[in-house]
Amino acid sequence: MQVPILAAIVGGELRDFLIWNWFLKAIASAFIVRRYCGIAMEDSVQIRCARCKNVFRDRAKRLQNGYSRQCPSCEIVLFFDEDSHDSNIKRAMRTARRVRNELRDSEGVITRRAAGAPRQYGGRSASNARGNEEADDD
């Protein structure tokens with residue numbers, strides 16, 4: 001009689017351990033990918049549908065004035081505008097603007113690093129010599 005109770009306790013702890021282990025791996029893998037692969041942040045924004053209240057994601061570069069998209073669950077067309085009366089649309093537009101600014105800043109840092117690196121020779125020098133020879137012929 002004690003064995004099933006012990007197995008149930010161990011089984012529950014094992015299940016909790018496996019769930020916790022999976023959770024930690026998911027968080028750690030996302031952190032490692034972002035940290036070591038150069039991904040500063042996600043470029044998608046959460047949008048909450050005004051009709052069905054479901055949440056879906058779309059890229060921040062798309063969410064600008066005049067953009068429209070269908071909700072994947074209820075298929076209502078959502079129009080994105082900064083002056084919208086819907087607070088969910090306003091929040092998504094604000095978040096998208098912030099994400100675009102942060103992505104632009106992070107790209108600027110990457111290009112500045114690349115610009116600071118020394119360049120290697122990659123051009124032709126024969127054109128300069130030819131220009132000098134033509135000047136000597138006159």
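**Figure 1. The sulfur of C74 lies 3.6 Å from that of C49, its closest cysteine sulfur, which is too far for a bond.** The model is predicted: local features require pLDDT of at least 70 and side-chain atom pairs pLDDT 80 or more, while totals for chains, interfaces and linings use all residues. Residues are numbered from 1 along each chain as its sequence is written, and side-chain values use heavy atoms, with hydrogens and water left out. For C71, the closest cysteine sulfur is in C52, at 3.7 Å, and this is also too far for a bond. The whole structure contains 0 disulfides, a disulfide being a pair of cysteine sulfur atoms within 2.5 Å. C71 is buried, with a relative accessible area of 2%, whereas C74 is partly exposed at 22%. Here buried stands for under 20% relative accessible area, exposed for over 50%, and partly exposed for values in between (1.4 Å probe, protein chains only).

**Figure 2. The protein chain has 3 helices and 4 strands.** Their order along the sequence is α-β-β-β-β-α-α. Helices (H or I, at least four residues) and strands (E, at least two) are DSSP runs numbered from the N terminus. Of the 138 residues, 15% count as buried. The exposed surface of the chain is about 11,300 Å², of which carbon and sulfur atoms supply 54%; the areas come from the Shrake-Rupley method with a 1.4 Å probe, and for residues only the protein chains shown count as cover. Among contacts with a separation of 6 or more, 34% are between residues 24 or more positions apart. A contact requires heavy atoms within 4.5 Å.

**Figure 3. Strands β1 and β2 run antiparallel and are joined by 5 bridges.** Two strands are taken to pair if DSSP finds at least two bridges between them. The hairpin of β1 and β2 has 6 residues between the strands, and K53 has a positive phi near 65°. In β2 (residues 55–59) the side chains alternate: F56 and D58 are buried and point to one face, while V55, R57 and R59 point to the other and are not buried. F56 is in contact with V45, Q46, I47, C49, R69, C71, P72 and L78, leaving aside neighbours within four places in sequence.

**Figure 4. S44 belongs to strand β1 (residues 44–48).** S44 is buried, with a relative accessible area of 18%. In the pairing with β2, S44 stands opposite R59. The side chains of S44 and R57 make a polar contact at 2.9 Å. A polar contact is a pair of N or O atoms within 3.5 Å; within protein, one must be able to donate a hydrogen and the other to accept it, and residues adjacent in sequence count only if both atoms are side-chain atoms. Beyond the neighbours within four places in sequence, S44 is in contact with R57, D58, R59 and A60.

**Figure 5. Strands β3 (residues 67–70) and β4 pair in the antiparallel sense over 4 bridges.** S68 stands opposite F79 in β4. The two strands form a hairpin with 6 residues between them, and E75 in the turn has a positive phi of about 60°. Side chains alternate along β4 (residues 77–80): L78 and F80 are buried and point to one face, and V77 and F79 point to the other and are not buried.

**Figure 6. The largest nonpolar core has 15 residues.** Those with the most contacts inside this core are V45, I47, F56, L63, L78 and F80. β1, β4 and α2 each supply at least two of its residues, and the largest share, 6 residues, comes from α2. A nonpolar core is a set of buried Ala, Val, Leu, Ile, Met, Phe, Trp, Tyr and Cys residues joined through side-chain atoms within 4.5 Å.

**Figure 7. R97 is located in helix α2 (residues 87–116).** R97 is partly exposed, with a relative accessible area of 37%. The C-alpha atoms of R97 and L63 are separated by 8.2 Å, and the two residues are 34 residues apart along the chain.

**Figure 8. S84 sits in the loop between β4 and α2.** S84 is buried, with a relative accessible area of 15%. The side chain of S84 reaches the backbone nitrogen of D86 at 3.2 Å. Leaving aside neighbours within four places in sequence, S84 is in contact with I89 and K90.
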